[in-house]
Amino acid sequence: MYPALLGIDWLDPEWLISWFGPFVLVGVCAIVFLETGVLVLSFLPGDSLLFTVGLFTATGVIPYPIWVVAPLIFLSAFAGDQLAYTLGRRIGPSIFNREKSRFFNPENVERTHEFFEKYGGKAIIIVRFLPIFRAFVPVAAGVGKMPRRHFAAYNAIGAFLWAIGVTLIGFFLGQIEFVRNYSEYFIIAMVLIPGIPILIEMYRGFRSTMRKRAAAAAEASRTPEV
């Protein structure tokens, strides 16, 4: 797997699942919770882990039914974001003012904060599919004092689409022999594909900005000189 090639076995979903052994479900849920709930652990594998869990559940490597696995992962993802939101409300400014370190980049916080300010509640759902950044938007929502009830609703939708959706994709594709034989490539794809939504949103924002500039230029050309 690609992380292993870089000498980072503990970021390899297959290695993690094997290392957890009989406590695999507890371990997976813990990683999902920590990746979304603790900023300094946002580098932990998310999308690739869920896909691999679904695939391994389909093949019997993970000895639990999918109807147990997927809901538990959903609850872990939901709880992780709720924790991040609560931290944002209580100690948000101190988080935003932290210095750059190996596991924390304040630029990620600032960019995600701007993204949240622009898209509001929709950002909570969209960012679920963006590695690293999905841990920052809940903090931004907390700092911005978004009503807890509203945040929980968006969080539930995002956690459901991400946790259950990606896990089920892995589960159903894992029943196809071709996918099982080339699982590494499909797992890598699950890391890259989540970036598509943000690219679409960026394109829409760029197109909207260009329209406004064109309209402003046209208006200026029609304004008579004094």
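Which residues is V28 in contact with, leaving aside its neighbours within four places in sequence? The views below begin with the whole model and come back to V28.

**View 1. The whole protein is a predicted model built from helices.** Local features need pLDDT of at least 70, side-chain atom pairs count only at pLDDT 80 or more, and totals for chains, interfaces and linings use all residues. Residues are numbered from 1 along each chain as its sequence is written, and side-chain values use heavy atoms, with hydrogens and water left out. The protein has twelve helices and zero strands. Both are DSSP runs, numbered from the N terminus: helices are H or I with at least four residues, strands are E with at least two. Buried residues make up 44% of the 226 residues. Buried means under 20% relative accessible area, exposed over 50%, and partly exposed in between (1.4 Å probe, protein chains only). The accessible surface comes to about 12300 Å², by the Shrake-Rupley method with a 1.4 Å probe. Carbon and sulfur atoms hold 66% of that surface.

**View 2. V28 sits among its contacts.** V28 is in contact with F20, L49, V53 and I73, leaving aside neighbours within four places in sequence. Contact means heavy atoms within 4.5 Å.

**View 3. The largest nonpolar core has 25 residues.** Such a core is a set of buried Ala, Val, Leu, Ile, Met, Phe, Trp, Tyr and Cys residues joined through side-chain atoms within 4.5 Å. I17, V28, V32, V53, I73 and W162 touch the most other members. Two or more residues each come from α2 (13-20), α3 (24-37), α4 (47-59), α5 (66-96) and α9 (148-173). Helix α4 gives the most, with six residues. Apart from this core lies another, of eight residues, among them I124, V127, L130 and A141.

**View 4. S76 is placed in helix α5.** S76 counts as buried because its relative accessibility is 11%. Not counting residues up to four places away in sequence, S76 touches C29, V32, F33 and T36.

**View 5. Helix α9 has 26 residues.** At 1.5 Å times one less than its number of residues, α9 should span 38 Å. Its end C-alpha atoms are 36 Å apart, which agrees. Its buried residues include N155, G158, W162 and T167. The unreviewed UniProt entry annotates residues 151-173 as one "transmembrane region"; such annotations may be inferred rather than shown by experiment. Over residues 151-173 the chain is 100% helix. Residues 123-144 carry that UniProt annotation too, and the chain there is 50% helix, with end C-alpha atoms 13 Å apart.

**View 6. The structure holds six aromatic pairs.** Rings of Phe, Tyr and Trp (its six-membered ring) pair if their centres lie within 6.5 Å; planes under 30 degrees apart count as stacked, over 60 as edge-to-face and the rest as tilted. The rings of F74 and F78 have centres 6.4 Å apart and planes at 35 degrees, so this pair is tilted. F74 and F78 are four residues apart in helix α5, so about one helical turn separates them. F74 counts as buried, at 18% relative accessibility, whereas F78 is partly exposed, at 24%. The rings of F171 and F172 have centres 5.4 Å apart and planes at 75 degrees, so this pair is edge-to-face. F171 is buried, at 16%; F172 is exposed, at 52%. W15, W19 and F20 form one aromatic cluster.
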